Amino acid sequence: MADLNQLTAASLFNVKGWVAVVTGGGSGLGKITAQALAANGVKVYITGRRVDKLKETEMKHESGGSIIGVQMDVTDKASIEAGVAEIAKNEKFVNFLVNNAGVSTPGYGPSGMPQGTPAEISKTMMNNQTFDDWAWIYKVNVTSYYFTSAAFLPLLTAAKDNGYPEAGSILNISSISGITKESQNGQFSYNASKAATISLTEQLAVDFKRLKVRVNTLAPGYFPSEMTPIDEDDGSAEEHFQTKWGIPFGRAGQSRDYAQAVLNFAVNQYTTGSTLVIDGAWLLAHA
């Protein structure tokens, strides 16, 4: 029979004393991730290019957790390696790597899906983005996750050599946009990149299973962030979210919803190669 003390929430989600890294942790969902971990006693290193955002987010929590900024450009291998070296000066291991840094695409804009003749639709699509736009969004949303995961691998595997029951794990942030069959108003490059994030997660999970490094992905729906202009309290009625945003649950995602999902991936030692959707039933309504 299981020890019931080990089945309490406090025990199941105990991450006190852990070391984590969150890319793009100075704003949006990355900031929520860092704060959730720090509130539970984790020493969190957040990385990004904007030093001001990193400094704004730095803090110490009464739980013993903290947030520390490290300037790192995830689109540059030398910068990633320098970031790893900087963290390795102070840490012998990393328990949890969250690849969160991401960029979005403008889509069609307020005018919506192009109308008119095939020639007119073709022109709109051709002018909407460039090859460089596509390359950039893949560089941030996919390629950086690959190189950041590879660079932190030695520190992740070192967790098991420093008293922890398992190696550190990786959580890649994808999106419902990588699962839906819709372009969501012309977000072709963004949606394709997030689908690639999910594929990369599965491939890394397969290749890292020998090292017992778990790799999973979280696919959020509409949460307030710099990339998503939706507010938790935007509109007083459920119909506002159901009609404008297409969310059957009638509200935006909240920090608590997101933090619960992140902590679950951090501590569940039997989950790898998995995708968790948290979207208030958006995908179910947009099959």
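This section describes the strand order, helix packing, nonpolar cores and aromatic pairs of a predicted model.

The model contains an open sheet built from 8 strands, arranged in the order S3-S4-S2-S1-S5-S6-S7-S8, with mixed pairing. Its edges are formed by S3 and by strand S8 (275-278), each of which pairs on one side only. At the S3 edge, strand S3 (residues 59-60) runs antiparallel to S4 and is joined to it by 2 bridges. Within this pairing, methionine 59 stands opposite isoleucine 67 of S4. The two strands form a hairpin with 5 residues between them, in which glycine 64 adopts a positive phi near 105 degrees.

Parallel pairing is found further into the strand order. Strand S4 (residues 66-71) is paired with strand S2 (residues 43-48) in the parallel sense, over 6 bridges. Here valine 70 of S4 lies opposite threonine 47. A parallel arrangement also relates strand S1 (residues 19-23) to strand S5 (residues 96-99), with 3 bridges between them. In this case alanine 20 faces phenylalanine 96 of S5 as its opposite residue.

Two helices were examined for their packing against the sheet. Helix H7 (residues 188-208) lies across strand S6 (169-173), S7 and S8, and runs at about 160 degrees to S7. Helix H9 also packs on the sheet; it touches S5, S6, S7 and S8, and its direction makes about 170 degrees with that of S7.

Two isoleucines of strand S6 illustrate the surroundings of this strand. Isoleucine 170 is located in S6 and, with a relative accessibility of 1%, counts as buried. Its C-alpha atom lies 7.5 Å from that of asparagine 99, although the two residues are 71 positions apart in sequence. Beyond residues up to four places away in sequence, isoleucine 170 touches Leu97, Asn99, Ser149, Leu156, Phe208, Val213, Arg214, Val215 and Asn216. Isoleucine 173 likewise belongs to S6 and is classed as buried at 4% relative accessibility. The C-alpha atoms of isoleucine 173 and alanine 101 are 8.2 Å apart, while 72 residues separate them along the chain. When neighbours within four places in sequence are set aside, the contacts of isoleucine 173 include Val98 and Asn99, Lys194 and Thr197, and Leu218 and Tyr258.

The largest nonpolar core comprises 55 residues. Those with the most contacts inside this core are Leu37, Val44, Phe96, Phe152, Leu171, Leu218 and Tyr258. Helix H9 (residues 255-267) supplies the largest share, 7 residues. Apart from neighbours within four places in sequence, leucine 37 is in contact with Ala20, Val22, Val42, Val44, Phe96 and Leu263. Among these partners, Ala20 and Phe96 are the residues that stand opposite each other in the pairing of S1 and S5. A second core, separate from the largest one, consists of 8 residues, including Tyr222, Phe241, Trp245 and Trp282.

The structure holds 6 aromatic pairs. In one of them, the ring centres of tyrosine 222 and tryptophan 282 are 6.1 Å apart and the ring planes meet at 75 degrees, so the pair is edge-to-face. This pair connects distant parts of the chain, 60 residues apart: tyrosine 222 is in the loop between strand S7 (215-220) and helix H8 (238-245), whereas tryptophan 282 is in helix H10 (residues 282-285). Tyrosine 222 counts as buried because its relative accessibility is 19%, below the 20% limit for burial. Tryptophan 282, at 3%, is also classed as buried.

The pair formed by phenylalanine 223 and tyrosine 258 is edge-to-face as well, because the ring centres are 5.4 Å apart and the planes are at 70 degrees. Phenylalanine 223 lies in the loop between S7 and H8 and tyrosine 258 in helix H9, so this pair ties together parts that are 35 residues apart in sequence. Phenylalanine 223 is buried, with a relative accessible area of 3%, and tyrosine 258 is buried at 0% relative accessibility. Tyrosine 258 is also one of the residues with the most contacts inside the largest core. Finally, Tyr222, Trp245 and Trp282 form one aromatic cluster, and these residues are included in the second core.

Methods
Residues are numbered from 1 along each chain as its sequence is written. This is a predicted model: local features need pLDDT of at least 70, side-chain atom pairs count only at pLDDT 80 or more; totals for chains, interfaces and linings use all residues. Side-chain values use heavy atoms; hydrogens and water are left out. A nonpolar core is a set of buried Ala, Val, Leu, Ile, Met, Phe, Trp, Tyr and Cys residues joined through side-chain atoms within 4.5 Å. Buried means under 20% relative accessible area, exposed over 50%, partly exposed in between (1.4 Å probe, protein chains only). Helices (H or I, at least four residues) and strands (E, at least two) are DSSP runs, numbered from the N terminus. Contact means heavy atoms within 4.5 Å. Two strands pair if DSSP finds at least two bridges between them. Rings of Phe, Tyr and Trp (its six-membered ring) pair if their centres lie within 6.5 Å; planes under 30 degrees apart count as stacked, over 60 as edge-to-face and the rest as tilted. Axes are lines fitted to C-alpha atoms, for helices over the stretch in contact, and angles run from 0 to 180 degrees between N-to-C directions.
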